[in-house]
Amino acid sequence: MTKKSLALLALLLVIVTVGCGPLLPRPSSRPRSNTRAPKPPAPPPPAASPAPEPVKPAAPVPEKPAEPVPGPTAPLLLKVGLASDLETVTIPCCEEGLIASVDDVTVPVTSTLRIEPAAASAAQGFYRLQVAALRDERQANELAKRLESATGQPGEAHFDAGIDLYRVRLGQYATREEAEKDSRRLGSIGVVGAFVVNEGGSVSAPAFRITQIGQAGSSIVYPGRWLSAAPAQAASLRVQGKRYRGRILIYLNDRGALNLINELPVEEYLRGVVPSEMGPEQYNQLEALKAQAVAARTYTLRNLGEFSREGYDICATPRCQVYGGLSVEHSLSDRAVAETAGQVVLYKGELADTLYSSTCGGHTEDVGVIFPLKDEPYLKGVPCMEVGFARLEGSLPPGAAFPEGLTREVLPPAPGSSPVQSLAARIEHLALLAGVPVPHDRLASLDRREVQRFIAYAFDLVLDARLLLAPQDVEYLLHDPPKDWSEEDRRAAAYLIHSGLIRGPLDKPLDDKEVEQTLLALSELLRVLRREEVSFLSLDAGKLIVKSGKDQQVYTLPDHLSTFRKRGALMASSALAMVPGDRLTLFWQGDRLLALAQEVDLDGVAFDRSSPYSSWTRFRTDVQLAANVRTRFPGLGFQTFDILERGVSGRVGKIRITGDSGQTMEVDGLAVRWTLDVPDTLFTAKRLAPKNQEPGWLFTGRGFGHGVGMCQVGAYGMAQRGHDYREILTHYYSGVELGRVRWSGAVVAPSPAAKK
């Protein structure tokens, strides 16, 4: 029987489908696109998501502390592994009062508790060699088997919840000396860096030593395997520097060490998962957070009891789902959890395996490419983008340069005038618009010193230049000014450069482009023009909907509007094709919208383009790759590698490593990522061997994580485009539907609210 079947039977799970249709095409008036809007200030990507390899069937959960029989509406309690194999745990007592017990025996609490294992009658401990700590479960288990076969010593890999890695250990030695001797022998088969650890034998008489810190003679041994600690009145308890809801459990594991566990209701657990997986400050779209909440809830219920041999249901790291406890909770993610309470993802009536990852690089991948032992039909690669743009035609003919197209509309030059007369007249016009006295001085030429003098006196900037710039600033801003310039010339030039009013070489007259740039800068300085930086959301029936700061704004588009398109350093008038998330600059004259400039996102139109991992490069030397290979495949060595298979998204599904003596080893699935030490397996690889530098491989790629199932940053992009959480989930999980569960104690039952 599979782990999933055991979990479902244990819960007596009954699920009811709720309304949820396929991802529907949206009206053309609501264009769909992506998310660089406003591009989060290079936030860390959402936490790496569930990417477990298939696991062994769950063993019976070890006997847990006695607890009261739940009432008819008591929530389902979940055990979350916070750390493994600890030698001691300290629990503060007196911030909120503490209730503690070991099995059925109450522990009086008068000060901070220090808990240590005290299995006085435990079987004799032994020494082992830790040879590796790997992220990939399959690689860890295979390495343990290979070493066991090569040495005749028992090998084992077990997950450590505290470090999110699988520890690979070898041998069972009676003394440290024997273990160290074998460690040296392992070098002959390529195992280096192994170190000796001590493990307890099977625990036959479990017990805890509990010390009340600061009180003499208060160290007492309590027989039992479970210790429970809960706040007397507060909503949470602090342990290892973090606060957790529910209660803290300490389980004495089979190795004679302590596993730290947080037990709490599933819905309260999700309040510490959703903001850890998708930070609400950076990814502040409610519908995306709701999709994350449903995916995380489904993953949790499907994987109950996965680590039952260690005393808990699920871990708190990216191996399962990142869980940060009460301290990471946020009002927006709390709302997402509450508004989707009990909702789960179903495929043919069963809980789906809702894998998700941070950034999919524009396309998710078929599950079998990354996890070769999985074949769920709903985990198919899908584009993380969609077709459709909001198109907007401007009033200017195509190709007009910026800012000339804008400044000539606000300050039109007089026909037939010379360049000098034209600039003087336009500056006079600007003064009238700004409500300042019209300059009576005469502009003699476009010589830079003359223009600077004219502007400084026309707009009373001489005193600003004297008071607001230190002499050191003038010297710093001007590089080798003309020798015949006076101190006042230099100061005026430095101030105008500082204010962005005049640019270009000091010894040359202003050209046509600089004239227009100067007029734009003066218009903004005098508040004749105002620019507003926004993020595009949609265009609907002549209404422009944007995000300005944290607020959404709706602007009516005028009949006459200049539109500009910026691609890199080039900017010119053009019809626009916009997607949600695009950066826009609006130019206003009073309350009249004059122009709109779109910045083309060079990362394209993928939903997840706002991620700092939408594209990346990494260089790995041969020495670095050899070290990775040596850890995973002792004795193989490293000469080169070849890509053998790619999936539908282009992700690498299998590579072949060639070792020092011509031996080869094939690596597939997620293990490719860890072996090559890259953010994702959607990459190209180029061999580089520059002179006088270490040879190696240049990896150029997209994405972060495993790329299967829901793309977290992509969900954020879809939400920005107006998709709700149902559409997000059914887009990334093919052919699924949503259901709702309600639990009472250990029994999950249909919710009357499910059929809505």
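**Exercise 1. How many bridges join strand β7 to β10, and in which sense do the two strands run?**

*Basis.* This is a predicted model in which local features need pLDDT of at least 70 and side-chain atom pairs count only at pLDDT 80 or more, while totals for chains, interfaces and linings use all residues. Residues are numbered from 1 along each chain as its sequence is written, and side-chain values use heavy atoms, with hydrogens and water left out.

*Solution.*
Step 1. Helices (H or I, at least four residues) and strands (E, at least two) are DSSP runs, numbered from the N terminus. Two strands pair if DSSP finds at least two bridges between them.
Step 2. Strand β7 covers residues 126-134, and five bridges join β7 to β10 in an antiparallel run.
Step 3. One pair of facing residues is Y127 and N198, the latter in β10.

**Exercise 2. Determine the order and the edges of the sheet that contains β7, and place helix α2 against it.**

*Solution.*
Step 1. The order of this open sheet of four strands is β8-β9-β7-β10, and the pairing is antiparallel.
Step 2. The edge strands, β8 (155-160) and β10 (195-199), each pair on one side only.
Step 3. Axes are lines fitted to C-alpha atoms, for helices over the stretch in contact (heavy atoms within 4.5 Å). Angles run from 0 to 180 degrees between N-to-C directions. With direction ignored, neighbouring strands of this sheet are turned by 40 degrees against each other on average.
Step 4. Helix α2 (residues 137-151) lies across β7, β8 and β9 (165-173), and runs at about 15 degrees to β9.

**Exercise 3. Describe the sheet that contains β3.**

*Solution.*
Step 1. This open sheet of four strands has antiparallel pairing and the order β3-β6-β11-β12.
Step 2. The edges are held by β3 (89-91) and β12 (219-223); each has a single partner strand, so one side of each is left without a neighbour in the sheet.
Step 3. On average, neighbouring strands here are turned by 25 degrees against each other, direction ignored.
Step 4. Between β3 and strand β6 (residues 113-117), which run antiparallel, there are three bridges. T90 stands opposite R114 of β6.

**Exercise 4. Which strands pair with β26, and in which sense?**

*Solution.*
Step 1. Strands of a sheet pair through backbone hydrogen bonds, either parallel or antiparallel.
Step 2. Strand β26 (residues 562-567) pairs with strand β30 (residues 592-599) in the parallel sense over five bridges. T563 faces L596 in β30.
Step 3. β26 also pairs with strand β27 (residues 570-573), in the antiparallel sense and over four bridges. The bridge partner of R567 is L570 in β27.
Step 4. β26 and β27 form a hairpin with two residues between them, and G568 in the turn has a positive phi of about 70 degrees.

**Exercise 5. Which cysteines are joined by a disulfide, and is C315 buried or exposed?**

*Solution.*
Step 1. A disulfide is a pair of cysteine sulfur atoms within 2.5 Å. By this rule the count is one disulfide.
Step 2. The disulfide joins C315 to C320, with an S to S distance of 2.2 Å. The link of C315 and C320 is right-handed, with 110 degrees about the S-S bond.
Step 3. Buried means under 20% relative accessible area, exposed over 50%, partly exposed in between (1.4 Å probe, protein chains only). C315 is buried because its relative accessible area is 0%, and C320 counts as buried at 0% relative accessibility.
Step 4. C360 is in no disulfide, and the nearest cysteine sulfur, that of C384, is 3.3 Å away. C360 is also buried, at 0%.
Step 5. C711 is in no disulfide either; the nearest cysteine sulfur, that of C360, lies 3.5 Å away. C711 counts as buried, with a relative accessibility of 0%.

**Exercise 6. Classify the packing of helices α10 and α13.**

*Solution.*
Step 1. Two packed helices are described by the angle between their axes and the distance between the axes.
Step 2. Helix α10 (residues 448-458) and helix α13 (residues 487-498) pack at about 75 degrees, with axes 10 Å apart.
Step 3. Angles under 35 degrees count as roughly parallel, over 145 as roughly antiparallel, 65 to 115 as roughly perpendicular and the rest as oblique. α10 and α13 are therefore roughly perpendicular to each other.
Step 4. R449, Q452, I455 and Y457 of α10 and E488, D489, A493 and L496 of α13 make the contact.
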